[in-house]
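Q: Can you walk me through the second pocket and the ligand site in this one? I've got it open here.

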Amino acid sequence: MTSVPVELGDNSYQINIIANLLSSDETSQLIPKSHQYAIISNQQIADLYLSSVKKLLPDEAAVTVLLIPDTEQSKSLTEFSRLHDALLEAKFNRSSTIIALGGGVVGDLSGFVAATLHRGCNFVQIPTSLLAQVDSSVGGKTAINHSSGKNLIGSFYQPKVVLIDPQTLKTLDSRQFSAGMAEVIKYAFIEDSDFLLWLEENKKAISDFELPVLEQMIAHCCRIKAAVVSADEKEKGQRVLLNFGHTFGHALENISGYGVLLHGEAVSIGMLLAAKLSVTHNLMESQFLQRLEQLLVHFNLPTTIPNNLDAKELLASMYRDKKNLSNNLQLILPHGPGHTESQNWDADETIINLLVEFGADK
Ligand SMILES: NC(=O)c1ccc[n+]([C@@H]2O[C@H](COP(=O)([O-])OP(=O)(O)OC[C@H]3O[C@@H](n4cnc5c(N)ncnc54)[C@H](O)[C@@H]3O)[C@@H](O)[C@H]2O)c1
């Protein structure tokens with residue numbers, strides 16, 4: 001088993017990664033001891049993994065299962081409130097444990113419920129999508145959506161432990177797997193120059209779901225994210241670099257209508273747009289743009305903007321992105337593998353032309 005520590009003083013925890021973790025008896029020891037547990041999941045994931053997770057909990061403990069609809073719309077005040085009602089009804093207290101079993105939707109909502117129930121109870125993440133295993137389950141960002149935007153209501157709340165079983169990826173839809181790969185490829189440009197080469201050398205093994213390679217890949221991404229989060233838990237500095245591709249990506253998600261592009265697909269196009277900008281402005285050698293594109297194509301990720309999206313609307317949406325702290329656009333631009341920088345950008349015409357070059361309407 002690979003264990004990756006997330007060093008955050010009193011809030012430190014371990015991310016444990018190994019194939020078949022959910023079916024191993026030893027995993028029970030990794031879960032905080034409580035009298036009461038709630039497993040929050042959705043029907044599809046519960047059908048696959050709920051019985052394994054229940055077996056990991058002490059026989060004498062009371063276990064409540066709460067299922068949410070399998071959609072991004074579950075990250076709502078309505079579901080948040082429904083879960084609170086059920087947990088308070090079942091007399092959950094601060095020493096109770098909430099377990100998120102699922103992808104980023106289940107994780108983000110459950111984490112916010114855990115953060116707010118009695119001002120915080122134990123929280124465990126069992127992420128089952130690739131995106132959740134390499135990104136959303138690590139770092140303590142929890143949130144629900146508001147009608148004016150995604151993830152606008154939430155808090156930073158760290159889990160007690162993250163348990164990752166790469167075997168669960170075998171039941172994940174291939175499009176969802178690819179979307180997770182966009183976040184994996186992102187890490188190669190943020191923190192670690194050797195990781196790009198490793199991904200290129202191992203891309204076939206990854207596509208073939210070779211479990212030891214998947215385990216290595218997930219552990220590596222978690223190590224990078226853990227280091228960034230440990231240095232900057234509340235995104236006041238370096239953590240913003242994790243948003244490489246995301247300012248463009250959020251605009252693409254927003255303007256195409258949520259659900260048309262998966263988050264990772266939008267990030268794929270967003271990373272290419274940012275990389276192209278870097279190359280055009282001599283911030284990065286063009287070979288790295290080509291290598292980025294080749295990897296995205298290998299994992300069936302989109303590399304152009306879908307039809308009929310308007311460049312000016314996309315630009316306006318980029319300005320509305322909550323991560324833009326000033327009136328300028330804040331873009332994370334790659335300078336090569338392992339080196340990205342945050343840059344304020346005020347040349348709107350350049351962005352419009354770039355969007356049009358990638359397929360947006362002028
Ligand atoms: N907290 C963070 O730091 C952070 C970071 C990135 C994204 N997010 C959030 O994460 C969410 C997206 O997460 P996601 O991509 O995991 O989407 P998701 O949770 O909707 O999961 C994608 C789909 O895969 C299914 N699924 C998950 N695991 C499965 C498995 N092992 N087998 C079969 N089906 C499985 C889910 O039921 C769902 O239908 C968004 O709401 C986004 O805002 C949060």
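Q: Which strand gives the most to the lining of the second largest pocket?
A: That's S8, with four residues. Strands (E, at least two residues) and helices (H or I, at least four) are DSSP runs, numbered from the N terminus. Bear in mind that this is a predicted model: local features need pLDDT of at least 70, side-chain atom pairs count only at pLDDT 80 or more, and totals for chains, interfaces and linings use all residues. Residues are numbered from 1 along each chain as its sequence is written, and side-chain values use heavy atoms, with hydrogens and water left out.

Q: OK, which other elements give two or more residues to the lining?
A: Besides strand S8 (149-156), there's strand S7 (141-146), helix H8 (246-256) and helix H11 (311-320).

Q: And how many residues line the second largest pocket?
A: 18, and Ser148, Gly149, Lys150, Asn254 and Tyr258 lie nearest its centre. A pocket here is an open set of points on a 1 Å grid over the protein atoms alone, where a 1.4 Å probe fits, with protein on both sides within 12 Å along at least five of seven lines; lining residues have an atom within 4 Å of a point.

Q: Why does the second largest pocket lie between domain 1 and domain 2?
A: Because domain 1 (2-171) and domain 2 (179-357) both give residues to its lining. Those bounds come from an automatic or database domain assignment.

Q: Switching to the ligand: which residues come nearest?
A: Glu72, Lys75, Thr128, Ser129 and Thr171, out of 25 around the ligand. "Around" means a heavy atom within 4 Å.

Q: What polar contacts does threonine 128 make with the ligand?
A: A polar atom in the threonine 128 side chain is 2.8 Å from a ligand nitrogen. A polar contact is a pair of N or O atoms within 3.5 Å. Glutamine 44 has a side-chain N or O atom 3.3 Å from a ligand nitrogen, while serine 136 uses a polar backbone atom, at 3.5 Å from a nitrogen of the ligand.

Q: Which helix gives the most to the shell around the ligand?
A: H1, with four residues.

Technical notes. Polar contact = N/O pair within 3.5 Å; in protein donor to acceptor, adjacent residues only side chain to side chain.
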